[in-house]
Amino acid sequence: MKYVFPSLNFWKNQAVFGISLIIVLSLVGLGIIHPSLLDKYSGLVHEYIIETFGWGYLISALVFLVFSIWFAFSKYGKIRLGKDNEKPQYSYFGWFSMLFAAGMGIGMIFWGVAEPMSHYLNPPEYLAGQSDAAAKFAMKYGFFHWGLHPWAVYITMSLAIAYFSFRRGMPPLISSCFYPLIGEKIYGVVGYGIDVLAVFATVFGIVTSLGLGAMQITTGLGEVFDFAPGLQAQVAVIAVVTVLFMISSMTGLDKGIQILSKTNIMLAIILLVFMLLVGPTAYIFNVFTNTMADYLSGLFNMSLSTNPFQGYAWTQSWTIFYWAWWIAWSPFVGLFVASISRGRTIREFILGALFVPTLLTFLWFSVFGGAAFYLEMQEGAEIAKAVSEDVSVGMFRLYAHYPLSGLLTMITVLLLGVFFVTSADSATFVLSMMTSGGSLYPSAAKKITWGILVSSTAVILLYSGGLEALQKMAIAAALPFTVIMLFLCRSLIKGLRYEFKFNPSVTLNQDKQQT
C-alpha cells in the first residue's frame, strides 16, 4: 500500500466553505422566520436519536476511553506527532491552558455548582431528592459527566488529525484521517460530507454556547450592579466579546489565544485556592476523597448504565445528552487540540490531555460543589432551590455566603468573558481552517466572515428564541459523528501499522531519543 497525498485545488477548497455557508444560513433563516417550526422538527429528531440510540453513545464513549488508554501504553505511544526530532511548539503550561480553555473551561464555571445542586434536588426516581444518597450521587455523576470520557472523545478525534497531519503530511482535516480506509475518496463527495458535517456541528455548538453564556454573564453583572438582565445587555455582552475575539483571532495562536488562555487558567486557580481556604476546607477534601473513590470504583458500571427499569428519563436528560454533546463538539475541539499538540509523542499527548484537565475539573467540582453542599445541608442555604428556578445563578448564590462576594462575582464574570473570547477565537480559527482546505494560516477574510456570522446568529436567535432548537440540531449531528469516530479508530490503527511495517526506523529512532 502506498500513500499519495495530492494537494487540493482552489475550487475544491471553496466547496466546503460554500456548502457549509448555505446550510448554516438556511437553518438560521428558518430559526429567524419560523423559530417554532425549527424547534418542533429539531426536537423530534433530537428525541428520536436520544430515545433510539442512547445506548450506542454510552458504548461508544467507553470504547473511546479504552482506545485512548490502550494507545498510550501500546508500542505506538513512542511515535511523535510530527518529525522524529521535532520539539513541542508550546510549553506544558501554555498547552494545558489552551486545552482547558477550548475543551470545557466555560462549562466548568457554569455547572460547577449548578449540576451537583440539580442532581441533589432532582435525582433519578430510585433515589429520594435532597437526601444524603442524592448528595453522594450528585457529586459522583458530576465527576462522571466532566471526567475521563469527554476527554477520551476529544483525544480520539485530535490524535487522528494530529497524526495524519503532522506525521504523514496531510491537510489537517477530519476527512484526511480516512485515507487508509477510503483512499482518494476523501477528495470527493464522502470527504466533503465529513468536513461539512464538522463545520455544521461547530457553528451551531459555538452559537448556542455564545448565546447561553451571554445570559449567564448578564446574570452575574445583574447580581453586582442590581439590574434585571435582558436582551439589550446580552447583545452588548456579545458585541464586546466579538470585538475581543476578533482582535485575538487576528493575532494568531502564538499570541492571542495562548495569552488569554494562560490568563484565564491563572484566574481560575486563584479563585479555586481562595474558595478552598475561605470555605469549609476539611469538608471539601472529604468530598473530594469520597467522590474520587465512588467515581473510580463505579466507573465501568456508570459507563454502561442506561437504567431501563428506573431512571431512564434522567439518564437520557443528563448522561446521554452530555455524551452526544461532547461528540458533537469533538470536530471543533479535536482540530484545535491537534493544532496545538505538534511535536509531542502519542503517549505524552494522551496522558497529558486525559489526566491533567480531568484532575483540575475534579478539584473544581469538589471545591465549589462541596462548598455549596456544606451550605445547603449544614446551614439550609437553599442554593439548590435557586438553581432549580434559574440554573445560571448557582455560582453567584454560593458567593453570597462568603466575604468579598461582589469581587468574586466580578472575577467570575471576567473569567466567563475570557473563556468566551478564547472559545469563540478557537472556533473562528478552526472554522476558517476547515473551510480553507486545512490551512493552518487561514485568511483574515475567512476569520472575519465566520466571526461575524457566529456572533450575529447568536444575537438573532436570542431575540427570536431559536437557540435551543439550534443546540438540538448540533446534538443530532453527533449520531453520524459517533459512527465516523468509530471508523476513525480503525483508520488510525491501520495507518500506524503501515508505518511500523514499511518504516521500521521509526521504532529505532524513537528508542534512541528516549535513551
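**Exercise 1. Find the side-chain partner of Asp84 and describe the setting of Asp84.**

Step 1. Start with the contact. The side chains of Asp84 and Arg167 are joined by a polar contact of 2.8 Å. The model is predicted.

Step 2. Place the residue. Asp84 sits in the loop between helix H2 (35–73) and helix H3 (92–103).

Step 3. Is Asp84 buried or exposed? Buried means under 20% relative accessible area. Asp84 has 17% relative accessibility, so Asp84 counts as buried.

**Exercise 2. Describe the fold content and the overall dimensions of the chain.**

Step 1. Count the elements. There are 21 helices and 0 strands in the chain.

Step 2. Test for a compact globule. For 515 residues, such a globule would have a radius of gyration near 24 Å. The chain has 22 Å, which agrees.

Step 3. Add the box. Along the principal axes, the C-alpha atoms fill roughly 70 × 55 × 45 Å.

Step 4. Check the contacts. Take those between residues at least 6 apart in sequence. Of these, 84% join residues at least 24 apart.

**Exercise 3. Work out what is covered, what is accessible and where the charges lie.**

Step 1. What share of the 515 residues is buried? Buried residues make up 61%.

Step 2. Turn to the surface. The accessible surface of the chain is about 19,800 Å². Carbon and sulfur atoms account for 66% of that surface.

Step 3. Count the charges. The chain carries 28 positive and 24 negative side chains. The centres of these two sets are 19 Å apart.

Note on methods
Residues numbered from 1 in each chain as written. Predicted model: local features only at pLDDT ≥ 70, side-chain atom pairs only at ≥ 80, totals over all residues. Heavy atoms only, no water. Helix = DSSP H or I, 4+ residues; strand = E, 2+ residues; numbered from the N terminus. Buried < 20%, exposed > 50% of the residue type's maximum accessible area, 1.4 Å probe, protein only. Polar contact = N/O pair within 3.5 Å; in protein donor to acceptor, adjacent residues only side chain to side chain. Rg over C-alpha atoms; globule rule 2.2 N^0.38 Å. Contact = heavy atoms within 4.5 Å. Areas by Shrake-Rupley, 256 points an atom, 1.4 Å probe, with all protein chains shown as cover. Lys, Arg positive; Asp, Glu negative; His and termini not counted. Charge placed at Lys NZ, Arg CZ, Asp CG, Glu CD.
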